[in-house]
Amino acid sequence: MRTILFALSLAVMAVFSSCNSEDNHGYPEEVNFPKEGGTKTVKGDESFAFCSISDYDGNESVTAGVSDGEVFELSYEWLTIRSVSFSKELTIIAQPSESNKKRVLYINGNFAGNEEAEIKVVQQ
């Protein structure tokens, strides 16, 4: 009986650990900007096939497929990202904030095989 329970617990752990990408594909999980805004460059292990910027409610700006080597720029509200398609590097630009309220947006990147990464961008 103990052997069966042990085997079952190992199987359950294997199923849940194999479906979880905890490393965010090398991209940071959070990028912070001061109220004055600014520009930061982040790097990951893989290039995005598609990406979007969204708010907490799911409103978003999505980029469609672009040709290899083509530069793309995507903006939503106070945030802009720039990259060369199929590059592993993103330039993130935050506009200055005119209030003292914390602002949060999310950059979502999709890779081949339905893999995803999410970068939370916070400005305070």
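1. Thr39 is a convenient place to begin, because with a relative accessible area of 54% this residue is exposed, the threshold for that class being over 50%. Thr39 is found in strand 2, and, once the neighbours within four places in sequence are set aside, Thr39 is in contact with Phe33, Thr91, Ile92 and Ile93. The C-alpha atoms of Thr39 and Gln95 are separated by 8.9 Å, although the two residues stand 56 residues apart along the chain. Please keep in mind throughout that this is a predicted model.

2. As to the overall fold, the protein chain contains 1 helix and 9 strands, and when read along the sequence these elements follow the pattern α-β-β-β-β-β-β-β-β-β. Among the contacts in the protein chain with a separation of 6 or more, 49% are accounted for by residues 24 or more positions apart. Of the 124 residues in the protein chain, 34% are buried, while the chain exposes about 8,000 Å², of which carbon and sulfur atoms supply 51%.

3. The structure holds 2 salt bridges, and one of them joins the side chains of Glu89 and Lys43, with an N to O distance of 3.6 Å. This pair links distant parts of the chain, since Glu89 lies in strand 7 (residues 89–94) and Lys43 in strand 2 (residues 38–43), 46 residues apart. The two partners are classed differently in their accessibility: Glu89 counts as partly exposed at 34% relative accessibility, whereas Lys43 counts as exposed at 57%.

4. A salt bridge is also formed between Glu73 and Arg82, whose closest N and O atoms are 2.4 Å apart. Arg82 counts as partly exposed, at 39% relative accessibility. In general, side chains of opposite charge can pair when their charged atoms come close.

5. Which residues gather in a patch of negative charge on the surface? The members are Asp23, Asp45, Glu46, Glu115, Glu116 and Glu118. Glu118 has its place in strand 9 (residues 116–123), and with a relative accessible area of 39% this residue is partly exposed. Glu118 therefore passes the accessibility condition for patch members, which is over 30% relative accessible area, given its own value of 39%.

6. Two backbone positions deserve a careful look in the model. Most residues other than glycine have a negative phi, yet His25 has a phi near 60 degrees, a positive value in a residue other than glycine. His25 is placed in the loop between helix 1 (2–18) and strand 1 (30–33), and at 6% relative accessibility His25 counts as buried, because buried means under 20% relative accessible area.

7. The other position is Glu77, which has a positive phi of about 50 degrees although it is not a glycine. Glu77 sits in the loop between strand 5 (71–76) and strand 6 (79–84). Is Glu77 buried or exposed? At 57% relative accessibility, Glu77 counts as exposed, whereas His25, the residue discussed in the preceding point, counts as buried at 6%.

Definitions and conventions: Residues are numbered from 1 along each chain as its sequence is written. This is a predicted model: local features need pLDDT of at least 70, side-chain atom pairs count only at pLDDT 80 or more; totals for chains, interfaces and linings use all residues. Side-chain values use heavy atoms; hydrogens and water are left out. Patches are made of residues with over 30% relative accessible area and no salt bridge: like charges are joined within 9 Å, nonpolar side chains (Val, Leu, Ile, Met, Phe, Trp, Tyr) within 5 Å. Accessible areas come from the Shrake-Rupley method with a 1.4 Å probe; for residues, only the protein chains shown count as cover. A salt bridge is a side-chain nitrogen of Lys or Arg within 4 Å of a carboxyl oxygen of Asp or Glu. Lys and Arg count as positive and Asp and Glu as negative; His and the chain ends are not counted. The place of a charge is taken as NZ of Lys, CZ of Arg, CG of Asp or CD of Glu. Helices (H or I, at least four residues) and strands (E, at least two) are DSSP runs, numbered from the N terminus. Buried means under 20% relative accessible area, exposed over 50%, partly exposed in between (1.4 Å probe, protein chains only). Contact means heavy atoms within 4.5 Å.
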